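Visitor: Could you walk me through this one?
Guide: Gladly; here it is.

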Amino acid sequence: MTRNVKMEEGWKQVLAEEFDKPYFKQLTDYIRSEYAKPGQHVYPPAGQIFASFDASPFADTKVVIIGQDPYHGPGQANGLCFSVNPGIEMPPSLRNIFKEIHDDTGAPIPADGDLSRWARQGVLLLNSSLTVREHSPKSHSCIGWEKLTDAAVKAISEQRDNIVFILWGSDAIRKGANIDRTRHLVLESPHPSPLSAYRGFFGNRHFSKTNEYLIAHGKTPIEW
């Protein structure tokens with residue numbers, strides 16, 4: 001099973017045991033059937049399901065941002081949580097993220113919402129569920145993706161040091177329950193969605209706090 005999974009080699013090695021577990025076969029069989037159903041759209045495109053791992057290799061990851069599941073509108077999801085490709089209108093949560101970055105660090109709000117530039121600097125943009133049906137949020141939660149992404153978070157927590165985990169909203173905060181907080185920095189706040197951004201996301205200063213921690217541990221800060 002493992003050799004058939006197309007994923008960045010470092011991540012493939014640390015997650016190898018997961019690929020051989022019964023849940024992963026059931027998950028992949030189900031996902032294949034979902035993508036194959038006539039008239040049904042599933043996001044992101046099948047070739048981008050593991051894009052977050054490919055974009056931020058295991059050995060290079062120094063920041064982890066955890067999302068819920070991919071955007072469920074046409075053309076939005078690209079496999080990186082909160083990110084959209086150039087030319088796609090920024091969703092409200094992403095606009096709020098950039099507003100907080102601007103207020104926190106002074107960085108200008110970019111022209112597009114492509115966060116691959118963060119991933120290239122070692123930011124893992126990981127959704128808890130890696131796929132979703134069109135216009136149906138959380139439609140692929142509780143089918144096995146959470147086990148795989150929990151294993152990814154656990155691997156970073158156990159095998160790396162001085163990583164920054166950024167958890168926005170109750171779902172992401174729950175996913176961080178097993179992070180070793182003696183070895184890593186965990187930043188938590190409400191979600192950047194319009195429903196909750198004013199309850200504590202705005203003003204959380206997670207972006208400057210992340211860079212302060214990275215610099216203090218001899219790592220290059222992120223150009224947000």
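Guide: What follows goes from strands to aromatic rings and then to charged side chains.

Visitor: What should I know about the numbering and the model before we start?
Guide: Residues are numbered from 1 along each chain as its sequence is written. The model is predicted, and local features need pLDDT of at least 70, side-chain atom pairs count only at pLDDT 80 or more, and totals for chains, interfaces and linings use all residues, while side-chain values use heavy atoms, with hydrogens and water left out.

Visitor: In which sense do β5 and β6 pair?
Guide: Strand β5, residues 164-168, and strand β6, residues 185-189, pair in the parallel sense over five bridges; strands (E, at least two residues) and helices (H or I, at least four) are DSSP runs numbered from the N terminus, and two strands pair if DSSP finds at least two bridges between them.

Visitor: And which residue is the bridge partner of tryptophan 168?
Guide: The partner of tryptophan 168 is serine 189, in β6.

Visitor: What unit do β5, helix α8 and β6 make?
Guide: Together with helix α8, residues 170-175, the two strands make a right-handed β-α-β unit, where right-handed says that, with the strands pointing away from the viewer, the path from the first strand over the helix to the second runs clockwise.

Visitor: Switching topic, how many aromatic pairs are there?
Guide: A search of the whole structure finds 15 aromatic pairs, counting rings of Phe, Tyr and Trp (its six-membered ring) with centres within 6.5 Å, and calling planes under 30 degrees apart stacked, over 60 edge-to-face and the rest tilted. One of them joins tryptophan 11 and phenylalanine 58, which is edge-to-face because the ring centres are 5.0 Å apart and the planes stand at 80°. That pair links distant parts of the chain, with tryptophan 11 in helix α1 (residues 9-14) and phenylalanine 58 in the loop between α4 (51-55) and β2 (63-67), 47 residues apart.

Visitor: Are those two buried or exposed?
Guide: Tryptophan 11 counts as buried at 0% relative accessibility, and phenylalanine 58 is buried as well, at 8%; buried means under 20% relative accessible area, exposed over 50% and partly exposed in between, with a 1.4 Å probe and protein chains only.

Visitor: What about tryptophan 118 and phenylalanine 207?
Guide: Their rings form a tilted pair, 6.4 Å centre to centre with 55° between the planes. Tryptophan 118 lies in helix α6 (residues 116-119) and phenylalanine 207 in helix α9 (residues 206-216), 89 residues apart, and both residues are buried. Both also belong to one aromatic cluster, whose members include Phe82, Trp168 and Phe202.

Visitor: Which charged end sits over the ring of phenylalanine 202?
Guide: The charged end of lysine 99 sits there, 4.8 Å from the ring centre, the criterion being NZ of Lys or CZ of Arg within 6 Å of the centre and within 35 degrees of the ring normal.

Visitor: Now salt bridges: how many does the structure hold?
Guide: It holds 14, each with a side-chain nitrogen of Lys or Arg within 4 Å of a carboxyl oxygen of Asp or Glu. In one of them aspartate 29 meets arginine 32 at 3.5 Å, N to O, and the two are three residues apart in helix α3 (residues 22-36), so about one helical turn separates them. Aspartate 29 is partly exposed at 37%, whereas arginine 32 is exposed at 57%.

Visitor: And in α8, how far apart are aspartate 171 and arginine 174?
Guide: They are three residues apart in helix α8, and therefore separated by about one helical turn, with their side chains meeting in a salt bridge at 2.3 Å, N to O.
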